[in-house]
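Colleague: Got a minute to look at an interface with me? Pull it up and let's talk it through.

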Amino acid sequence: MPVSSDPAAPPAQDPDATLLRQLALARRRPDGVLREQLIVTQLLSRHVANIRRIVAWRACSQRPSDADIDELVGGVLIRVADALSKEVDAGNSITGLIAVNIEWEVIDYVRRRRRRAREVHPEIEDFPDPAAPERPTLADEACALRERIAGLSGRDQQIMAERMLLGLKPEEIAWRHGVDRRVVDTATSRALKKLLASDELSDVRHARDVRAARRDWDAQTPIDRRGGPES
Amino acid sequence: MTDAFDHAFLAAIDDLNAGRLHDDPQHYLRAVPAARHAEFTRRLTALMVARGPADHDEVTAEAYDAALSAVTATTAGSAAAGILPDGLRRLRKVRGIERDALIDALAAEYDLGPAGRDALRRYYHELESGALTGSNIAHRLLRSLARQLDADGEDFIAAARAVVRASVPQRSPLRPAPAMGRSAGDFERRRAPAPAARSQRIGRPDPDVELVERLFTGGPDA
């Protein structure tokens, strides 16, 4: 199921979906070369501010400079533009594509920083690789968050969707539901705790499943450490 | 009862909703126990992905330029000149039109003599090489090019406008070509033969060359 960039809009009115449809149409025309590139530019430019915010947070442990963040944003945009230049499906999720590429751009950035740090200070031991395979990806987490909010009951679900996904202010939510602002805050806190708790359980379950799958795989296929299954 | 994590998380969400999320993540993280910084970052960025662009995220000129730079970087064209050069080359290839044939057609349309045609060839080469600033190209020329390539003129105008502003090199106009014999029928020349002849006598460029220069560098309305 594609993730709409605008939770309030039905799929037909989602600006990303509209642009992706236009892109697919332009690509079918022999004279659509310029239009295709203009549409991709328009599509990407809608997301630049959000990409910048996400990148700044994802890389914050490295204390990136503004120039580093600009470079990271540019890198993400190039990766997404490149992906769009190869394959376009109007049903694609542009936010999912962006999330995947943000993650890899930041991972590459962290690796570069660590490599440089080791060159300057060889005494520094190897850090664990930032791309931990058992950890859910950013795109997975975004998808799971929507599902968990949808799984909340009654008014908690509505309030959380309005505050977290639609970006409404607490006062607006209170007005829509005809309740006091404090009711919104209490409901949000309660729902947030439920979300975090279910998320933690899910993470534990996921990590356990990954470990179990690896154990099974190792037991079935002895791997020669130098590469390739043992004959 | 909310703990420090929830409190900071809701503060970040409300700031995000109001379009005033602090640029420095430490503004929120300093209220959160260090052991939960990674979790906070993970959850907040997952939320940002799930929401997509905010209503208050305007597409600024900088955002458009950044997107355009990325699109241009994935094509074979010159980064500074935007997407027009590569688009022109690809369209010509798709249509099976040689560069000389296109130049001949344009020269005929603007009734250019040999000097004007030479200038046209040089400027067109610069255009396809990405050496010209697209936003300085006359819209009537872009429409002519689109017509010759059986494409939409408005796409050409939009593509010419799409120039990566931060890195556009300033270039000086082409040196005037030496005056040569001209074909009959140039509209402007027919209207004002005396100034053209005078300009030739005092070493100013051929009016056909001037026309070509205006078309390629004189701005949208030239």
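Colleague: How many salt bridges are there across the interface of chain B and chain A?

Modeller: The rule finds 6 between chain B and chain A. Keep in mind that this is a predicted model.

Colleague: Which residue does A:Arg53 pair with?

Modeller: A:Arg53 forms a salt bridge with B:Asp57, and their closest N and O atoms are 2.7 Å apart.

Colleague: And how many residue pairs are in polar contact between chain B and chain A?

Modeller: The count is 13, with both residues at pLDDT 80 or more.

Colleague: Which helix of chain B gives the most to the side that touches chain A?

Modeller: That's α3(B), with 13 residues. As for the makeup of that side of chain B, its residues divide into 38 nonpolar, 10 polar and 15 charged.

Colleague: How many residues are in contact, on each chain?

Modeller: 63 residues of chain B contact 55 residues of chain A. The area buried between the two chains is about 5,100 Å², and carbon and sulfur atoms give 65% of that.

Colleague: Switching topic: what's the secondary structure of chain B?

Modeller: Chain B has 12 helices and 0 strands.

Colleague: What share of chain B is buried?

Modeller: Of its 222 residues, 50% are buried. Chain B exposes about 10,300 Å², with 52% of that coming from carbon and sulfur atoms.

Colleague: And what about contacts far apart in sequence?

Modeller: Take the contacts in chain B between residues at least 6 apart in sequence: 71% of them join residues at least 24 apart.

Conventions:
Residues are numbered from 1 along each chain as its sequence is written. Chains are lettered from A and ligands numbered from 1 in the order in which they are written. This is a predicted model: local features need pLDDT of at least 70, side-chain atom pairs count only at pLDDT 80 or more; totals for chains, interfaces and linings use all residues. Side-chain values use heavy atoms; hydrogens and water are left out. Helices (H or I, at least four residues) and strands (E, at least two) are DSSP runs, numbered from the N terminus. Buried means under 20% relative accessible area, exposed over 50%, partly exposed in between (1.4 Å probe, protein chains only). Contact means heavy atoms within 4.5 Å. Accessible areas come from the Shrake-Rupley method with a 1.4 Å probe; for residues, only the protein chains shown count as cover. Buried area is the accessible area (1.4 Å probe) that two parts lose on being put together, summed over both. A salt bridge is a side-chain nitrogen of Lys or Arg within 4 Å of a carboxyl oxygen of Asp or Glu. A polar contact is a pair of N or O atoms within 3.5 Å; within protein, one must be able to donate a hydrogen and the other to accept it, and residues adjacent in sequence count only if both atoms are side-chain atoms. Ala, Val, Leu, Ile, Met, Phe, Trp, Tyr, Cys and Pro count as nonpolar, Asp, Glu, Lys and Arg as charged, and the others, Gly among them, as polar.
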